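Open the model in your viewer and keep the selection tool ready. We will make a few stops, one after another.

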Amino acid sequence: MEVHFHGAAGDVTGSMHLIEAAGKRILLDCGMVQGSPEADARNFAPFPFDASQIDALILSHAHIDHVGRVPRLTLAGFDGPIFTQRATADLLPIMLLDSASLQENEAERSNRKRKPGQPKAVPLYTRDDVRDALSQLHPLDYATRTQILEGVEIAFRDAGHILGSAIVELWADGRKLVFSGDLGMPNAPILRDPTPVADADLLLMESTYGNRNHKQRSETVLELSEILEAAWRDHGNVLIPAFAVGRTQELLYWFARHWNDWDMSRWKIFLDSPMASKVVQVYDHHHELFDAEAREIWRGTPNPFRLPNLRVTQTAEESMSINRIHGGAIIIAGNGMASGGRILHHMRQCLPKRQTRMVFVGYQAEGTLGRRLVDGAQWVRIHGHDVRVNAHRHTVGGLSAHADQQGLLDWYAGFRPSPPLALVHGEDLAREALAGEIHERFGVQATLARPGMTLAV
């Protein structure tokens, strides 16, 4: 068995690893590179392998940095089965069709501004391309060992990261490879904890927060309540860039759970995302994947997705009308790194106002607008306009859907014996810190995966 690393090997987007085993070629994830115009351009580059020779694709979960190039892969000739957890299969049409719509709209905008002699912009893929790719889906349940190709078996375990997220166990050539996908935090709300795995001949493990530990969630929830109270006192709006799957649901969960003590009924709450109502339906169909406390909250009043003052906006006109509200609004909009989507329109309007609270509740990748704001930028450019940043900025790290350093170490400690591992899905500072801790505690020298690197097991 050989593993070839092609993405998320030194950064946190573009997850893609090729496995050669039992005479087959299996791709783990096919994610979009995110973070900057240069990163966007990498998504158009040819794949570093012959897509038509891939026998199967396995997707760990529905975030775009893990699935965003799947239609591109089928366009390049891949016509094999795509295996993923059942809830992920329900989320994929929502995520990929939205991505295609953004790609088509961006190409259209570029072509309207195209100067004579400039080449015509084309989208990375279209909605029709997405529909073609989705015809190859094969949904699987958790904890079901399945032969996907001759000599190759897999099983999905709950990764606790977002709905349907999976740890992948893969058996071939008498060896076992485990791919963590993205691991969630233990004791996080809504989802169950990441499933322990006992054995592996090689582990590919994410390392997004390999160099830090999150705040206790109780501290983070208290911090969130204080931010909301300060914004209300200052008659300001609260802007929260958040991806439609995962963090958005947790925010609404806390609003429902603290409905009375946070006096949430006084706010106008906007979920400004055309995807949101579709994602809600997927969550409603998969209560079996919730933890016990979340199932109880969903049965209670108010339901997190049906708060009496929650408005899910669909059209661009509805979205623009929010900007006429100058205080008392909580606006949750995509995307989570503020590198595109509707949040940019609200930021352009609200960032110059001192009463605005800008709340970052997830990882902000290098090169994104969110990262520049977290790092203290005083001016940013949004849709060609220079915008002064007077808003209060808050990084609420304890809501992360990724395991922190301690969570990663604890999950790795569940293996007996400690397997060799390669660290993926992390910037170098994070990976180096985690590798040092693993070596000191377990005596294992972790490999820091690089694009083009091959490991044999």
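**Stop 1: the second largest cavity**

This is a predicted model. Start with the lining of the second largest cavity: 8 nonpolar residues, no polar and no charged ones. Select them now: Leu59, Val70, Ile82, Leu92, Leu96, Ala133, Leu134 and Leu137. Which elements give two or more residues to this lining? They are α4 and α5. The space inside has a volume of about 30 Å³.

**Stop 2: α4 against α5**

Two packed helices are described by the angle between their axes and the distance between the axes. Select residues 86-112 for helix α4, then residues 127-134 for helix α5. Their axes lie 8 Å apart, and the packing angle is about 155°. Why is this pair called roughly antiparallel? The angle is about 155°, and angles over 145 degrees count as roughly antiparallel, so α4 and α5 fit that label. Turn the view to see how α4 passes α5: the crossing is right-handed.

Now show the side chains at the contact. From α4, pick Leu92, Pro93, Leu96, Leu97, Ala100, Ser101 and Glu104. From α5, pick Arg127, Val130, Arg131 and Leu134. Colour them by type: 7 are nonpolar, 1 is polar and 3 are charged. Leu92, Leu96 and Leu134 belong to this contact, and they also line the cavity of Stop 1.

**Stop 3: α6 against α7**

Next, select residues 217-233, helix α6, and residues 247-257, helix α7. Are these two roughly parallel or roughly perpendicular? Their axes cross at roughly 75° and come within 12 Å. The two helices are therefore roughly perpendicular to each other.

Show the residues that meet. On the α6 side they are Arg217, Val221, Leu224 and Leu228. On the α7 side they are Glu250, Leu251, Trp254 and Phe255. This contact has 6 nonpolar residues, no polar ones and 2 charged ones.

**Stop 4: the largest cavity**

Keep Glu250 selected. How many cavities of 30 Å³ or more does the whole structure hold? The search finds 2. The largest has about 140 Å³ of space. Its lining is made of 18 residues, and those closest to the centre are His161, Pro189, Leu191, Gly246 and Glu250. Glu250 thus appears twice on this tour: here in the lining, and in the contact of α7 with α6.

Finish by colouring the lining. Of its residues, 10 are nonpolar, 5 are polar and 3 are charged. Set beside it the lining from Stop 1, with 8 nonpolar residues and no polar or charged ones.

Note on methods. Residues are numbered from 1 along each chain as its sequence is written. This is a predicted model: local features need pLDDT of at least 70, side-chain atom pairs count only at pLDDT 80 or more; totals for chains, interfaces and linings use all residues. Side-chain values use heavy atoms; hydrogens and water are left out. Axes are lines fitted to C-alpha atoms, for helices over the stretch in contact, and angles run from 0 to 180 degrees between N-to-C directions. Helices (H or I, at least four residues) and strands (E, at least two) are DSSP runs, numbered from the N terminus. Angles under 35 degrees count as roughly parallel, over 145 as roughly antiparallel, 65 to 115 as roughly perpendicular and the rest as oblique. A crossing is left-handed if the near helix is turned anticlockwise from the far one by less than a right angle, and right-handed if clockwise. Contact means heavy atoms within 4.5 Å. Ala, Val, Leu, Ile, Met, Phe, Trp, Tyr, Cys and Pro count as nonpolar, Asp, Glu, Lys and Arg as charged, and the others, Gly among them, as polar. On a 1 Å grid over the protein atoms alone, a cavity is a set of points where a 1.4 Å probe fits but cannot get out, and a pocket is an open set with protein on both sides within 12 Å along at least five of seven lines; lining residues have an atom within 4 Å of a point. Grid points are joined across faces, edges and corners, and a volume is the space filled by probe spheres set on the points.
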